[in-house]
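Reader: I'd like to walk through a model with you and learn how to read its features one by one. Can we start with a single residue and work outwards?

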Amino acid sequence: MSFWSKKSHATSSQQELSTSLEHINKLNELLNKLDSSIIINNSINHVPIDNHSNIVNIISANNSPIIAGTINYNNLILSTAINRDVNSEQIYDYVDEISKCLLGLKRIVLVNTSAQELATKTDSLSNRRDSVGKNKNDIITNDLGSSNINSTGGTSAGNLSLSKKHVNTNHNSTASSSMSGDSSMLPLSSASLNLDNIYDVFFKNDLLNRLLLKFPILDFESKKNISILFANGFGKCIDNKFVYVDYMSSKTDTINLLLIILENTTHTLSNSVEIYLVVGLILEECLKFEQLSRFVINLNSRSDIIWNLFDNCLLPSFEISTESFQIINLIFLKNPKMISNEFFNNKNNLNKFINSIDELLKHGNYVTKRQAVKLLSTMILGRNFNQLMTAYISDTNNLKVIMMLLNDKSKNLQLETFHIFKVFVANPNKNKNICDILIRNKQKLLKFFEINFNNLQEMNLKQEKDYIVHIIKDLPSNVSKLYSEENQSDASNSSLNEHHEESKEDIMKMN
Amino acid sequence: MEKEQYQDENLASLAKANKNNFKVFENLSSNPSDYLMVDCIGKGNFGDVFKAIYLPQVDRQLFPQNILHRIERFNYNENILKFLNYLDDEYFVAIKIIDLEETDDDIDILCQEIQFLTTLQSKQKDNQNIVKYYKTFINDQKMWIIMEYCGGGSAYDLIKNMPMQISEKSKIEHLSENQIASIALEVINGLLILHEKGSVHRDIKLANILLTKDGKIKLSDFGVSGKLNNTLKKRETFVGTPYWMAPEVILNGYTDSNTGEKIIGYNEKADIWSLGITIIELVNKRPPLIEHEPMQIVAKIPDLEPPSLKNNDSWKCSKYLISFVDSCLKKNPEQRATATELLNHKFIKKNKCNSPNIVLLIDHVCCLKLKKSVTKIDKGYNGLLVWCKKPRYYSFGNRRKFSELVDKENKLNIDWCFTKTLKTPNLTKRLSKNNTSSATLVKNSTENYTPMSMKTPVGTDTSTSELEKKETNSRSENESQLEDSNNAKKLNFSKTIHVYNDILLPVFSDLIKRSVYPETQLAVIQLLKKFHETEKNQPGFSNVFIEEIAYKLNELELHI
């Protein structure tokens with residue numbers, strides 16, 4: 001019985017491979033057709049003839065919204081603009097068919113993803129699978145290499161015929177490998193290889209980029225399907241290499257495109273929330289990898305992407321604000337060393353980050369505040385962000401924000417804020433202004449700690465609280481007394497940085 | 001006092017007229033006062049669910065004003081209940097209110113959950129078998145999730161009311177196989193949508209299968225549904241309700257049938273098991289093993305033989321139904337049928353053509369519910385029915401007062417002093433005020449309001465003006481003021497707490513929640529009724545009562 005069920009599985013997965021490759025080729029074809037029909041459409045009408053005729057000309061010349069290396073959202077919209085009067089039905093038909101292809105592709109991928117897990121988890125079979133897999137991958141990458149060259153420079157007709165050939169060879173390779181393979185392990189191996197093949201073709205044909213270029217006119221379901229397709233395959237590791245990630249980082253215009261769409265959807269009216277989420281999801285997948293994250297950070301110096309995300313956190317739409325924050329979280333916490341060395345070493349960035357996060361702490365809603373305070377405390381207490389901590393705890397504005405937040409009626413917020421506040425207090429070299437505020441509020445603070453944090457469960461926290469209260473008690477009771485002390489510490493200002501380090505270690509010990 | 005005398009037909013036509021005004025719920029506002037809570041329809045671990053009217057879409061000319069006013073004050077009568085019942089499902093929204101302060105670290109997960117709900121929506125297909133989601137917003141510390149309202153209740157309500165005496169002749173003992181098949185079909189369709197988006201519901205059971213009044217079936221409560229992401233394909237968390245849980249969810253994995261290796265986690269097949277259990281629930285009105293303690297049975301489910309309908313004692317099932325359930329309840333998820341396979345099962349195919357009459361049953365259940373509420377109102381509950389269900393964190397009562405309450409809470413904060421010019425305020429005084437805010441707040445009014453006034457009986461109408469004079473600091477209002485809009489205008493209190501509505505009622509609702517036995521509950525309710533009456537006849541009673549308690553507590557420095 002088991003024999004028969006497996007046999008059928010094997011053949012079906014073979015079929016799936018060929019159908020999915022057909023889907024991809026059809027997508028390719030459709031995108032080409034779409035390109036050409038849009039060009040025709042636009043050249044007939046010269047849509048916005050006055051202002052943008054130049055741009056239209058450029059677009060119709062090379063059919064791309066990328067001008068001088070940068071993508072402009074206006075151009076993207078223009079390049080996909082459909083004039084409803086002329087000939088648009090055909091374009092809509094193409095869009096429909098693209099949608100169908102994507103749906104079919106996604107179904108196959110989802111089914112096979114679970115099948116592949118079974119395969120990868122079965123260790124006994126994995127060795128043999130690898131040997132078969134390698135051969136096959138070789139064949140396919142060779143195959144693809146040639147098709148890729150052609151598709152970038154060639155005409156659509158040439159591409160088409162080549163794609164067909166391409167399917168055939170793929171088909172053959174699967175068939176041959178299944179012949180050579182052991183029959184008992186067939187379903188597993190072909191299932192997993194199936195997926196790799198699909199993604200290989202998907203990425204190397206630059207389909208993601210091309211689909212994104214048509215993003216404004218695709219229907220909502222296709223947009224969702226693109227993101228699901230992407231999220232399922234992107235992180236895949238073949239022979240210990242993130243093949244697709246490497247690929248993406250070599251073709252940065254795709255990620256550029258993502259950011260452009262993300263930034264501009266907040267201004268568009270229809271479906272903006274859904275599009276933002278879909279694009280955000282793809283971006284999140286990308287940001288998990290250092291090389292792509294680095295690209296985004298570098299881009300920020302030109303286009304303020306990251307600061308715009310902070311602004312988006314304060315938008316009224318719940319989905320957009322939380323998605324923006326998720327992306328921010330990924331950028332700053334996923335690769336802390338890189339952020340510290342390559343982003344915060346720029347004083348401008350550091351100050352801007354502090355300003356932005358203070359803004360969230362001041363004006364965000366409850367959720368934004370809680371997420372922001374959590375991010376800030378993780379960063380300040382983390383080992384990688386020394387310069388952030390020193391900068392943050394030496395500015396009175398930040399102390400004010402933190403003290404206001406300490407006073408929030410939410411116990412959760414209070415507690416999380418305490419973790420930042422304690423760094424201000426425990427710092428052995430508080431500057432004069434910080435000391436001023438603390439002294440001015442000494443009694444209030446003592447009273448505050450009397451009222452709050454009384455039911456702490458954790459011993460650590462209790463000790464921390466006692467320690468902080470102890471330091472506050474030791475503060476002089478009026479400001480004038482401080483000045484003499486402050487003068488002394490000013491003298492030792494040169495070693496300020498070292499002291500900050502010490503204070504940090506203090507905190508670490510406390511933790 | 002109201003002279004509204006609606007005939008049944010009038011109410012029905014009124015409701016019909018309102019139906020025509022229905023627009024799609026798009027671009028909903030994020031202002032809580034735009035939603036008029038009508039009823040509390042559910043309580044969950046994550047939060048309570050309310051039935052509500054979206055006020056900006058109410059056509060004030062068609063919607064009877066006096067009904068609206070009475071709903072606002074929870075002053076229900078039979079007509080209102082009937083009118084609400086006549087209104088279409090589409091007239092309402094369901095609102096889930098989650099107190100974020102109570103969810104510790106889960107806030108990120110919750111956000112992702114909401115984002116998932118957004119992407120789950122499909123603009124084209126209006127009739128998908130998944131509860132529609134409209135909007136989320138944050139109000140203060142609470143998250144409001146606005147969703148589609150399903151007036152037919154849950155499938156559990158349907159089964160609970162079996163056997164049903166629909167007419168004199170026909171008595172329905174259990175659902176027909178036809179009806180079971182159609183419910184199963186729509187549930188599978190809903191699951192397919194979820195699974196296609198790479199998600200597992202993880203808590204399929206009758207209580208989570210909702211029905212609209214016209215018999216559509218919708219999956220709800222994705223509160224625990226987990227999205228599979230690409231790093232962790234299978235979920236490794238322990239969620240769901242024990243009786244419906246698949247063995248691999250409990251064991252967090254299963255053994256491969258061929259290789260004997262243990263595979264960690266579970267996938268969408270877990271929902272298929274739960275579906276099988278749910279079908280048994282539909283047949284027998286309860287899931288198998290329900291007689292055992294949930295936490296004890298959890299450990300046993302993986303060892304026991306999977307339940308089957310083969311030798312069902314309540315009624316004899318067809319072989320198709322039996323095999324359908326058996327193919328869902330395979331212990332090894334690999335052998336379990338997939339959702340698509342189940343769609344092609346003979347049990348579904350065979351029953352596909354016949355139209356099952358579920359609407360009839362839903363109507364019946366709705367009628368039963370209405371009757372129940374009406375008798376409760378007749379017994380003099382008069383809105384208390386709803387009050388008793390009042391959750392602790394939503395202030396009903398006078399809706400204007402809600403925001404004021406929040407302001408008040410903010411006022412209690414310490415004012416830090418950041419500028420050098422600012423003098424240090426008398427801190428101890430300020431703080432002691434914070435500490436014992438309730439006591440000091442009402443203290444002033446007590447000075448004016450001697451216990452003597454309790455002894456002098458006051459009529460409901462005159463009491464308003466008397467109270468006004470007496471309470472110069474006016475910490476409270478009474479109900480009669482609320483009822484009279486003119487009076488309410490005169491009393492322009494900036495910061496007020498309605499002692500009866502905002503303190504006593506929530507306290508009592510919590511007391512009711514805490515009482516273990518029904519007798520205790522009844523006693524508490526009776527006490528509340530007494531309070532209600534006393535407050536009505538002797539307005540201001542609750543103020544003095546609470547003041548005295550606050551005084552005493554303060555005096556003894558009790559911090560409970």
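Reader: Which helix is Tyr320(B) found in?

Author: Bear in mind that this is a predicted model. Tyr320(B) belongs to helix H10 of chain B, residues 319–328.

Reader: And how do I judge its surroundings: is Tyr320(B) buried, exposed or partly exposed?

Author: Count neighbours: a residue is buried with 20 or more other C-beta atoms within 10 Å, and exposed with 12 or fewer. Tyr320(B) has 17 within 10 Å, so it is partly exposed.

Reader: Which residues does Tyr320(B) touch, leaving out those up to four places away in sequence?

Author: Lys346(B), Phe347(B) and Lys350(B). Take Phe347(B): it is 27 residues from Tyr320(B) along the chain, yet the two C-alpha atoms are separated by 4.9 Å.

Reader: Let's move up to whole helices. How can a length check work on H17(A)?

Author: The idea is to compare an expected span, at 1.5 Å a residue, with the distance between the end C-alpha atoms. H17(A) covers residues 347–363, so its 17 residues should span 24 Å, and the ends are indeed 24 Å apart.

Reader: Which residues of H17(A) are buried?

Author: Phe353(A), Ile357(A), Asp358(A), Leu360(A) and Leu361(A). Look down the axis of H17(A) and these buried residues fall within an arc of 155°, so they line one face of the helix. On the other side you'll find Lys347(A), Asn348(A) and His363(A), which are exposed.

Reader: What do the buried residues of H17(A) pack against?

Author: Three helices of chain A: H14 (305–312), H18 (366–381) and H20 (396–406).

Reader: What about H8(B): how much of it is buried?

Author: 15 of its 16 residues are buried, so H8(B) is largely enclosed by the rest of the structure. This helix, residues 269–284, reaches 23 Å between its first and last C-alpha, close to the expected 22 Å. Just after H8(B) comes Lys285(B), with a positive phi near 70°.

Reader: What covers the buried residues of H4(B)?

Author: Here the cover involves both chains: it includes H9 (220–233), H12, H15 (318–334) and H18 of chain A, together with E4 of chain B. Among the buried residues of H4(B) are Ile107(B), Cys111(B), Ile114(B) and Leu117(B). The length check works again: the 14 residues of H4(B), 107–120, should span 20 Å, and the end C-alpha atoms are 20 Å apart.

Reader: Now strands. In what sense do E4(B) and E5(B) pair?

Author: For strands, look at the direction of pairing and at who faces whom. E4(B), residues 133–139, and E5(B), residues 142–148, are antiparallel over six bridges. Within that pairing, Lys135(B) has Ile146(B) as its bridge partner, and Thr136(B) stands opposite Ile145(B). The hairpin has two residues between the strands, and Asp140(B) takes a positive phi near 55°.

Reader: How many bridges join E3(B) to E5(B)?

Author: Seven, and E3(B), residues 92–99, also runs antiparallel to E5(B). In this pairing Ile97(B) stands opposite Trp144(B). Five of the seven residues of E5(B) are buried, so this strand is largely enclosed by the rest of the structure.

Reader: Let's go to the interior. What should I look for?

Author: In soluble globular proteins, nonpolar side chains tend to be buried together. In this model the largest nonpolar core has 100 residues, and Leu258(A), Val279(A), Ile380(A) and Ile402(A) have the most contacts inside it. H12(A), residues 272–287, gives the largest share of this core, with eleven residues. Apart from this core lies another, of 97 residues, including Ile67(B), Ala181(B), Ala184(B) and Leu211(B).

Reader: Which residues does Ile402(A) touch, not counting those up to four places away in sequence?

Author: Thr417(A), Ile420(A), Phe421(A) and Phe424(A).

Reader: Zooming out, how is chain A built?

Author: It has 26 helices and two strands. Of its 511 residues, 39% count as buried. Contact range is worth checking too: among contacts in chain A between residues at least 6 apart in sequence, 77% join residues at least 24 apart.

Reader: Last one: what is the mean pLDDT of chain A?

Author: The mean is 71, with 63% of residues reaching 70 or more. For residues 1–11 of chain A, pLDDT stays under 50, and the model has seven contacts for them beyond four places in sequence. Residues 484–498 of chain A are also below 50, with five contacts beyond near neighbours in sequence.

Key. Residues numbered from 1 in each chain as written. Chains lettered and ligands numbered in written order. Predicted model: local features only at pLDDT ≥ 70, side-chain atom pairs only at ≥ 80, totals over all residues. Helix = DSSP H or I, 4+ residues; strand = E, 2+ residues; numbered from the N terminus. Contact = placed C-beta atoms within 7 Å. Core = buried A, V, L, I, M, F, W, Y, C linked by C-beta atoms within 7 Å. Pairing = 2+ DSSP bridges. Expected span 1.5 Å × (residues − 1). Arc of directions from axis to C-beta. pLDDT = per-residue confidence, 0-100.
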